[in-house]
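Dear colleague,

I am handing over the structure below, and after it I set out what was found. Please read the notes with the structure open beside them.

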Amino acid sequence: MKRIAIVGCGGAGKSTLSRKIGEILTIEVIHLDRLNWQPGWVETPREELRNKQEQLVKKDRWIFDGNYGATMDVRLEAADTIVFLDMPRLTCFYRVIKRRIINHKKTRVDMGEGCPEKLDPEFLRYVWNFNKARRPQLLKRLEKFEREKQVIILKTKKDVELFIELVYQQKMMQDEICTSSSKQ
């Protein structure tokens, strides 16, 4: 796992998982919201966003956090591991409302500078309808990568916790092997 794309509905936990995995593996985390949103909630033009991602995926190691369907192909093609946080609708909906309350008048670390937390009806509809409107296409998109990449689908908070533990254990084993072989 050197090039990881994490996708899922708003509120699924993409940014949190990205940060945790990034810390364990010491890999740079690239939050798409940070790339996309300029101060005052000004959106980066789609071609510019695509170009930025095309440059960033050339790096040896990265974790991309976010969907952005129009540019998702850039990340999925370049990734060696794709993680889909396939969380229940109510979990995601609850989390985006909680996030809005907790971050009132603040800009989240995974969001563009000068973009204080907000919650609009359009985004709430997106989250509410994600599993019906977007999930089937996303699963179909991921199917084509199952033979050539590691595709991981996590459906519960417990799945996410177990995945983090597995990544941690693998990292510890890898470090131990590297330490042992350098002593020889």
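**What was found**

Asn 131 is found in helix H6, and with a relative accessibility of 26% this residue counts as partly exposed. Please keep in mind throughout that this is a predicted model. If you would like a sense of distance across the chain, the C-alpha atoms of Asn 131 and Arg 61, which are 70 residues apart along the chain, are separated by 30 Å.

**Cysteines**

The count of disulfides comes to zero. Why is there no bond between Cys 9 and Cys 92? The closest cysteine sulfur to that of Cys 9 is the one in Cys 92, and because the two are 4.2 Å apart, they are too far from each other for a bond, given that a disulfide is a pair of cysteine sulfur atoms within 2.5 Å. Seen from the other side, Cys 92 is likewise in no disulfide, the nearest cysteine sulfur being that of Cys 9. As for their surroundings, Cys 9 counts as buried at 2% relative accessibility, and Cys 92 counts as buried at 1%.

**Salt bridges**

The count of salt bridges comes to 13, and I describe a few of them here. One is formed by Glu 113 and Arg 34, whose closest N and O atoms are 3.8 Å apart. This pair links distant parts of the chain, since Glu 113 is in the loop between helix H5 (89-102) and helix H6 (121-133), while Arg 34 is in helix H2 (residues 32-36), 79 residues apart. Glu 113 counts as exposed at 53% relative accessibility, whereas Arg 34 is partly exposed, with a relative accessible area of 38%.

Another salt bridge is that of Glu 77 with Lys 144, where the closest N and O atoms are 3.8 Å apart. Glu 77 lies in helix H4 (residues 72-78) and Lys 144 in the loop between helix H7 (135-143) and strand E7 (150-154), so this pair ties together parts that are 67 residues apart in sequence. Glu 77 is partly exposed, with a relative accessible area of 46%, and Lys 144 counts as exposed at 54% relative accessibility.

The side chains of Arg 108 and Glu 117 also meet in a salt bridge, at 2.5 Å from N to O, and here Arg 108 and Glu 117 are both buried. Salt bridges that share partners join Asp 33, Arg 99, Arg 108, Asp 110 and Glu 117 into one network.

**A charged patch**

Which residues form a positive surface patch? They are Arg 19, Lys 20, Lys 98 and Lys 157. Of these, Lys 20 is found in helix H1 (residues 14-25), and at 40% relative accessibility Lys 20 counts as partly exposed.

**Backbone angles**

Finally, two residues deserve a look for their backbone. Trp 41 has a positive phi of about 60° although it is not a glycine; this tryptophan sits in the loop between strand E3 (37-38) and strand E4 (42-43) and, at 21% relative accessibility, counts as partly exposed. Lys 105, which is not a glycine either, has a positive phi of about 65°. Lys 105 is found in the loop between H5 and H6, and with a relative accessible area of 69% this lysine is exposed.

With kind regards

Notes. Residues numbered from 1 in each chain as written. Predicted model: local features only at pLDDT ≥ 70, side-chain atom pairs only at ≥ 80, totals over all residues. Heavy atoms only, no water. Buried < 20%, exposed > 50% of the residue type's maximum accessible area, 1.4 Å probe, protein only. Patch = residues over 30% accessible without salt bridge, like charges linked within 9 Å, V, L, I, M, F, W, Y side chains within 5 Å. Areas by Shrake-Rupley, 256 points an atom, 1.4 Å probe, with all protein chains shown as cover. Salt bridge = Lys/Arg side-chain N within 4 Å of Asp/Glu carboxyl O. Lys, Arg positive; Asp, Glu negative; His and termini not counted. Charge placed at Lys NZ, Arg CZ, Asp CG, Glu CD. Helix = DSSP H or I, 4+ residues; strand = E, 2+ residues; numbered from the N terminus.
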